[in-house]
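Work through the exercises below with the model open. Try each task before reading its solution.

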Amino acid sequence: MQLTLDLTGRHVLVVGRPDRARHAVAAVRADGAVVESRPADDAARHLRALLAGAGPRLLHLVVWVEGPGEARVAIAASAAALEVPLATAPATDPSPHGHVTLVGGGPGAPELLTVAGRAALAAADVVLHDRLGPGDRVAELAPGAELVDVGKTPGHHAVPQREIEALLVEHAVRGRRVVRLKGGDSFVFGRGGEEVAACRRAGVPVTVVPGVTSAIAVPEEAGIPVTHREVSRAFTVLSGHVPFSDDELRHLVGLGGTIVVLMGVANLPQTAAGLRRHGMSVDMPMAVLESGFTDRSRRTVTTVGEVDALIGTFRSPAVIVIGEVVRVADAGLDEVADLVAFAAPRPVGSEGSRAGARAGAAASRAGAAASAADARVTA
Ligand code: SAH
């Protein structure tokens, strides 16, 4: 504010709503003034009351920030009549540069982070990230950003969801470029919708960068297309976090398409038993794909009837695929080949801890496919 007045000890009325007058109030206070701030209509009434002789005329300056045009005219008239100068100051922008970008980080390989996601990370002042996705590469992707790990591990929520939302808003209101980095896509079991809503409620600008979801990419890494002509023309992605109801199981079996279960390791026995109970063939192939796009990546192919023998050998995170498409993975392949470019090939024959998977599925066609595919697909 360009003022030639010495404001030390002077009484100043700042006109505008509190959030908009914030900077003007701070500026005159810093100059030593005694500050009072009122919204425009209230300020106009107050000045009329002073003119009418109500209360001491202890006022040296009026600073207009914002309000309706009529209020400004009335305030200018009252200030003139009171012989008090009227100055103008800019309103506070509620978030001068701050905004939140929800970035879907993809299933883990940094190459599977989108160009837009990468750009948002590179420009970020602060990144709130999870355990899944490219979380371990975040320092490299977002140099210069403050990194906050709000990651959840199964059964343990590191930072409660409402607190994450509050943090996003808090950083953005302070004018920072905030990236919320999640595994896969933010809107697939990622609570992204809640975070967008929280930002909107707080008036914080928010955008979303879509990500490559593990629901499709992890099967893809294992050579499994979620749809395939004449095999499956639907895929249903479910959270297996809570056991499926009989109604859900009945519909899933009835639909006849591919079933993709995320967060489904703990309830896998109930899922398999439930599908069998509702009429799914015990020969229906099932793939359990653990830690896709990492060097711990492990693929097991079994069937809905035989998976019970393997329970306890699977570790989260895993994508479970149930359906005939699992067989497509190896169709037409007679030699070891990599399908997804970003999955570093494991040497042929190094099948690691997969003996159980083979034993469990030995009798099935799918089992034979599993042994052939272990070396081929797993990175
Ligand atoms: N928003 C994420 C999913 C979050 S739910 C997405 O779109 O991918 C978390 C679940 O996703 C995990 O329990 C697991 O089922 C699955 N998942 C995510 N990344 C994975 C990976 N790299 N390998 C295997 N499963 C993964």
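Two exercises follow, on the ligand site and on a sheet; the model is a predicted one.

**Exercise 1. Describe the surroundings of the ligand, and explain why it lies between two domains.**

Step 1. Start with the shell. It holds 18 residues. Val188, Thr213, Ser214, Gly292 and Ala318 are the closest.

Step 2. Sort the shell by class. There are 11 nonpolar residues, six polar ones and one charged residue.

Step 3. Look for polar contacts, using a cut-off of 3.5 Å between N or O atoms. A ligand nitrogen sits 2.6 Å from a backbone N or O atom of Val188. A polar backbone atom of Gly183 is 3.0 Å from a nitrogen of the ligand. Thr213 uses its side chain: a polar atom there is 2.7 Å from a ligand oxygen.

Step 4. Check the cover. Alone, the ligand exposes 550 Å², and the protein buries 93% of that.

Step 5. Find the elements involved. Helix H8 (214-221) and strand E16 (318-322) each give two or more residues to the shell.

Step 6. Conclude. Domain 2 (99-212) and domain 3 (216-330) both contribute shell residues, so the ligand lies between them.

**Exercise 2. In what order do the four strands of the open sheet run, and which strands are at its edges?**

Step 1. Read the order: E2-E1-E3-E4, with parallel pairing.

Step 2. Pick out the edges. Strand E2 (34-38) and strand E4 (86-88) each pair on one side only.

Step 3. Add the twist. From one strand to the next, it averages 25 degrees.

Step 4. Inspect one pair. Strand E1 (residues 11-15) runs parallel to E2, joined by five bridges. Here Val15 stands opposite Arg38 of E2.

Note on methods
Residues numbered from 1 in each chain as written. Predicted model: local features only at pLDDT ≥ 70, side-chain atom pairs only at ≥ 80, totals over all residues. Heavy atoms only, no water. Near = heavy atom within 4 Å. Polar contact = N/O pair within 3.5 Å; in protein donor to acceptor, adjacent residues only side chain to side chain. Areas by Shrake-Rupley, 256 points an atom, 1.4 Å probe, with all protein chains shown as cover. Nonpolar A, V, L, I, M, F, W, Y, C, P; charged D, E, K, R; others polar. Domains from an automatic or database assignment. Pairing = 2+ DSSP bridges. Axes fitted to C-alpha atoms, helices over the stretch in contact; angles between N-to-C directions.
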